[in-house]
Structure formats: C-alpha cells, structure tokens
Amino acid sequence: MVQLSKTLSDLASDNKKALVAYIVAGDPTPGTTVPLMHTLVDAGVDVIELGMPFSDPEAEGPVIQLAHERALAHHVSLRDSLAMASEFRQTNQTTPIVLMGYLNPIEFIGYEQFAKEAEAAGINGTIIVNLPPEESGEMDPILEAHGIEPVYLLAPTTTDERAEIVCRASRGFVYYVSLKGTTGASTLDIDDVAEKMSRFRKISTLPIMVGFGVKDGASARAVADVADGAVVGSAIVKLMEQYRDDPDMLQSSVKQFVRELRAAID
Amino acid sequence: MTNNSGAEAGINESLFAYPDERGHFGVFGGKFVSETLMAALQNLEAEYNRLRKDDAFQEELKRDLSEYVGRASPLYYAERLTQEAGGARIFLKREDLNHTGAHKINNCIGQALLAKYMGKPRVIAETGAGQHGVASATVAARFGLECQVYMGSEDIKRQSLNVYRMKLLGAQVVPVTSGSKTLKDALNEAMRDWVTNVDNTHYIIGTVAGPHPYPMLVRDFQSVIGEETKRQFEAQHGGLPDAIVACVGGGSNAMGIFYPFLEDRSVRLIGVEAAGLGLETGRHAAPLSEGSIGVLHGNRTYLMSDEDGQIIETHSVSAGLDYPGVGPEHSFLKDVDRAEYVAIDDNEALEAFRLLNRVEGILPALESSHAVAYGVKLAGQMSADQSIVINLSGRGDKDIPTVARIDGISIE
C-alpha cells in the first residue's frame, strides 16, 4: 500500500480522525516552508497539502490568492515546491505530502516528467484543482505508475452520478469541499455536511476529508465527527500573512493553532 | 499531455462536428474547472442544448438582433481603401454599427436571453477595456436583470468612461485587485462569484474561451456575423470572398465570421493577433503566434506562459486584445491548418486606425485596426479580381483618448 493510503488506513484502525493542513510552498518566503512542514507534523498534522504557487489560482478566495502572490514574489516554481518536499523528506519519510495546485505548470513540464520528479521528491498524492476526472484519463495511469495517488474533489453541487465518477478516480481519499464558494468563504453548515457524508458513504468506501470552512477547534471537531478527517487551509494561511515579518512568531502561532485543532478532534 | 494536437483528428471530419460531446476541439477546449463549477456547467450545457432548438427562444433572439441591435450590419465595399491597398477588393463587415458599437452585443443578447429562459435574475460578466461590460450591462437593463461586472482595478483607472457608462446602465462595477489586476484576474473573480451564486446567477463570458460549453455557445451567438457576410457577399458580388480577416484577442468576432465558412475551403481565414511592441520583444498578446499549449480559464489552448508555466502579462495598445489566452477553437483551426494566424504590432495598428479615418470616414476600434492593417497588406499582394472581407468588429470612439495621448494631446 502506498504511503497516503497507508497513513489513512492506520489512522482508521486506531479509530483516529485525520488532520490535514494546507500551506503554499514559499509563503511567505521560501525559507519558511520546510521548517513549517516539520512544525505542522510536530503539532499533530497527519497529512500535508503542499500548494504549488500559480499565477491564476481560480478556485481560491482572497486569503489563499494572496499566499500564491507572496510565494510568486519569490518566483517559487513547481520544481522549487518539489525541492522543498525533498528537503522535508531528509528527516521525515512517513508523513504523506499531497501536492495541490493547478494544471498549467504540470503541462509545461509534461505529465511523465512531472510524475517522475514528484516521486523522487517524495510526493504521495496530488490534488489538481482544475483537473476533474473527466479530463484526467491521461494523467491518472502515469501518476499510478509512479506510486502517486490522485485525489479528486466532491462539492455540495455534485450529483450522485458524478460522485461515482469522482470516487472511482480518487485514490487515498476524496476531498469534500463543503462550501459552494471559494476557499475561506463564510461558515460551515455541519448538518448539510453530515447529510452529504451519508450520501457519499453509499457510493464509496474511501476515506472522506472535509475542507473549506474549518477555522478553529470547534469546527474541526464538528467536521471530524461526521467525516474521516478535517482539512484546514485558510486559517493557517492567515497566520502566514499576519506573521510574515516574524518567522519565530509564525512558527509558534501555527504550532499552537494546530495543537488546538488536534486536541479538539482527538 | 501528448503533443499530437488536433492535427489528425480534423482531416476527414467536417469542421462543423466540433466540439465533441465533451467539449473538445481535438486536444483543445474541455472543462478544466474545479468540481464546484461542474454542476453549473452541465446545467448550462443542458439548458443551451434545449434552447438552441426552441422556436420561441430563437424567434425572440432574432427579433432582438434585428430590432434592438440593428442587424443585419452592412457589408460595405471600401472603394478608396481598396485603391489605397492596390490589389484585391476590400469589403468591411460593419459590426461597428451595432448598438453599443461592437460585435460583443450579439453574444450578450443571446446569453441574457438564456438567463431569462433559465429563470436567473442576475448576470455577471468580466471586462477588460469595458466593452463586454458595457454590452452586458446594456442587455441586463434591456431584460431587467441585476448585473455585476468584474473589472481589474488597473483597467478601471484606464477606462473611466466605460466604468461610468456601466453605472449609468444600472450595473455595479466590482474592482478586482488580485494578480495583475487586469482582464484575466477579472475572469477569475467572475468565476468565483459564479461558483458562489450559481443558483440565481448566469455568467456571461464575453469571448469564445472559458470551459465548455462557453466556447461553443459564444461562437454560435456570434456566427450571425459570418452568416450575414456569406449572404451579403453573394448578393453584392457573387460567389465567395477569397479571404476573411479578423482580429483575435479571445477570438469571438473572428470565430463568428469564420465559422460559417469553415467548410468553404477556398476561403482563406486569417486571424490577426496583437504583436504589441513586437513579437521579438516578448511584450505582446499573440499566444497563437508565440505561445505554447497549456490550461487556463477552464480550457486547453495556446497561452502565454513563462518557463515555470505561470501566466505572463501581455501587452497591446488595444485593451480588447490584451489577453494571454485564446479561444480553443482557434488553437484547433491553427493546428489543423484551416485558419492562419498572423500578428500586427501597435504602430501598424495605429497607422491603419488613421488610414481608415482618412480614406473611408470610418473610425475603427484599435482592436479592429489590427485586422484592417493586415487586410490592407494582404490585399496589396492579391490581384484586382480577388476579394477580401475584413471584420470591422467595433468602432473607435472609446480609443480616441488613447490615440490622442500618443499624439501628445490630452482630452478630458
């Protein structure tokens, strides 16, 4: 079993919920990212989603858009993001890293070359936001050949018919985007999430992670109660913005915040 | 992706067979969007496929194009421009005479009617120079729809006249401050709005780009240009023109005039991109001439990206051509060799802008001036018994301050 599936199945056998954290590679500076990845793990994160900066992050709200802009101000590329993952892997070989981003930089490198370099960098999964399963027929087998698990998204508007397509294409887990808007938008409707979970559980046995709208211990707890894990993104990225000029405060505030989430979901 | 493009796909099949049911033109096009948008696109696709065959819808569209937009627009034999070029006869398709002064309204009327038939009381649009924003605000006023227009904050500064016009039309202009603060960012922001408000909102994309079904439906609404041209040319001159020339930003006016001629293989179809300060400078907006294949705004197409795959900023004196991508059907027509794509720089376009004023008494938009510049060049290389049609996609009143500034004159 590959690392992402293994980690999630181990958590499930221990009756634990997964805590997934999203950061953008190179935000606010390239030097921040690798120490931050270790901080996340130390504070209790199970899976890291590493965002690849892109000039046009179409599906993101303002908080994460700005993170992409901060990273791009340092010209952080897809290959730079992979180099950060590689450096992290020197001392941590077990925490899964899911690379999250947009298709264009990958098209530029070429699917095969990308998969090869991502595997070498210790990447375990991908979430390519603007690559739905309908368009991923060429990408998926290439990723699989390199031991990388593609994760696809479910949305509140996803029909049962499409949910089947999405779950069939997904490996590791499926990612339920719990809000109709962009990342960081409004508040979480937990009853709605619970209703969707019971629908999706009939369609697939894959673990379901819920993201978009998790901003504190209470919302993480609420999500973990109905799903297999919670993804936290904008709330961490906000700390990058707040402490962009203070690397020590940045690391310590993230540590404290993630610990609070961990405690809430355990 | 494999790089065999659409080349072998198009050879034995009618070019009218595209896009396929997945929205692909060969390897181009498609639906490269986040899951949050998929349901909205599928719904739009289903509704459009129903309404395109609905008599009431088509009747209403026809009536509005005639009585509100003022169609058909004339096909005009430009005698003095022909003399000036010294070769093929030059005809101008006068989209500049449409209500609101450009071809953009053809698509906006169609999409506003879609919104009405789908029961959506609100429309949103993105705009660069403000032309599509004005056209969207206009049709929203005409149909009593709420309208919000997303516009880059940089563009808002440069286009205060159109911003004010949209407000007069009752639309709300929303400044976009992310990214390069221009058209591509406005498009991103409009998509984000649509994701959030899809229940009551239709997104009027202004060009033949974006995810399927937009490239198809915008093309269909703009095809009225080519259908009229075909009829008018036959009536006025007989037969088919030898070449059709149109400017290409996203490419909606070009797609509209090209489309009915796709299977008339004797007709050369030539799209003119903006070479800006010159293709060699890198400061241009010519993805078909100089770009590479990538994915942006929901479709695979030729794009202007840097070596890391980041979208780069474009340059053109004409704001309407200042876009780093191009409609996927143009990418397809290029790769199957059905259309040719060339580029005209800022100076050549400005010269053509002045020339058309001087010899024909017509004030062209700077976008359309790119087509005029290449058309005159091309006509000069052809013989007097040949004919070309230039799509004069819009009028140039909006560009007078820009040109005056270049001439050192400040107009308030």
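Is B:L92 buried or exposed, and at what relative accessibility? In this predicted model, B:L92 counts as buried, because its relative accessibility is just 0%. The legends below start with that residue and then move around the two chains.

**View 1. B:L92 and the residues around it in chain B.** Here we're looking at strand 4 of chain B, residues 89–94, which is where B:L92 is found. Leaving out residues up to four places away in sequence, B:L92 touches B:P74, B:L75, B:Y76, B:A78 and B:L81, and also B:L356, B:I362 and B:I390. B:T229 is worth picking out too: B:T229 and B:L92 are 137 residues apart along the chain, yet their C-alpha atoms are separated by 9.5 Å.

**View 2. The largest nonpolar core, with A:I236 picked out.** This core has 101 residues, and the ones touching the most other members are A:L40, A:L103, A:I106, A:F173, A:Y175, A:V232 and A:I236. Strand 1 of chain A (residues 18–24) supplies the largest share of this core, with 7 residues. Another core, of 90 residues, lies apart from it, and B:Y150, B:M216, B:I293 and B:F332 are among its members. Back in chain A, take A:I236 and set aside its neighbours within four places in sequence: what's left in contact with A:I236 is A:A21, A:Y22, A:I23, A:L40, A:V254, A:F257 and A:V258. As a rule of thumb, nonpolar side chains in soluble globular proteins tend to be buried together.

**View 3. Helix 2 of chain A and what it packs against.** Helix 2 covers residues 33–43 of chain A, and its buried residues are A:T33, A:V34, A:L36, A:M37, A:T39, A:L40 and A:A43. They pack against a mixed set of chain A elements: strand 1, strand 2 (47–51) and strand 3 (97–101), plus helix 4 (78–89), helix 11 (234–242) and helix 12 (247–265). Look just after the helix for A:G44, which takes a positive phi of about 120°.

**View 4. Where chain B meets chain A.** On the chain B side, 41 residues are in contact with 38 residues of chain A. Together the two chains bury about 3100 Å², 46% of it on carbon and sulfur atoms. Between chain B and chain A there are 21 residue pairs in polar contact, counting pairs with both residues at pLDDT 80 or more. The chain B elements giving two or more residues to this side are helix 1 (35–51), helix 8 (183–197), strand 2 (28–32), strand 11 (292–296) and strand 12 (298–303). Helix 8 gives the most, with 7 residues. Sorted by class, the side of chain B that touches chain A comes out at 17 polar, 12 nonpolar and 12 charged residues.

**View 5. Two arginines of chain B that reach glutamates of chain A.** B:R22 pairs with A:E135 in a salt bridge, at 3.8 Å from N to O. The count between chain B and chain A is 4 salt bridges. B:R300, found in strand 12 of chain B, has a side chain joined to that of A:E107 by a polar contact of 2.5 Å. A polar atom of the B:R300 side chain also lies 3.5 Å from the backbone oxygen of B:V27. B:R300 counts as buried because its relative accessibility is 7%.

**View 6. Salt bridges within chain B.** Over all chains the count is 39 salt bridges. One of them joins B:R142 and B:D64, whose closest N and O atoms are 3.0 Å apart. B:R142 lies in helix 5 (residues 131–143) and B:D64 in helix 2 (residues 55–69) of chain B, so this pair ties together parts that are 78 residues apart in sequence. B:D64 is buried at 7% relative accessibility, while B:R142 is partly exposed at 34%.

For a pair within one element, see B:E154 and B:K157, whose side chains meet in a salt bridge at 3.1 Å, N to O. Both lie in helix 6 (residues 153–158) of chain B, 3 residues apart, about one turn of the helix. B:K157 is exposed, with a relative accessible area of 62%, and B:E154 is partly exposed at 30%.

B:R395 and B:D397 also form a salt bridge, at 3.2 Å from N to O. B:R395 is partly exposed at 35% relative accessibility, and B:D397 is partly exposed at 41%. Finally, look for B:R52, B:R219, B:D220 and B:E329, which are linked in a network of salt bridges.

Terms used. Residues numbered from 1 in each chain as written. Chains lettered and ligands numbered in written order. Predicted model: local features only at pLDDT ≥ 70, side-chain atom pairs only at ≥ 80, totals over all residues. Heavy atoms only, no water. Core = buried A, V, L, I, M, F, W, Y, C linked by side-chain atoms within 4.5 Å. Buried < 20%, exposed > 50% of the residue type's maximum accessible area, 1.4 Å probe, protein only. Helix = DSSP H or I, 4+ residues; strand = E, 2+ residues; numbered from the N terminus. Contact = heavy atoms within 4.5 Å. Buried area = accessible area lost by both parts, 1.4 Å probe. Polar contact = N/O pair within 3.5 Å; in protein donor to acceptor, adjacent residues only side chain to side chain. Nonpolar A, V, L, I, M, F, W, Y, C, P; charged D, E, K, R; others polar.
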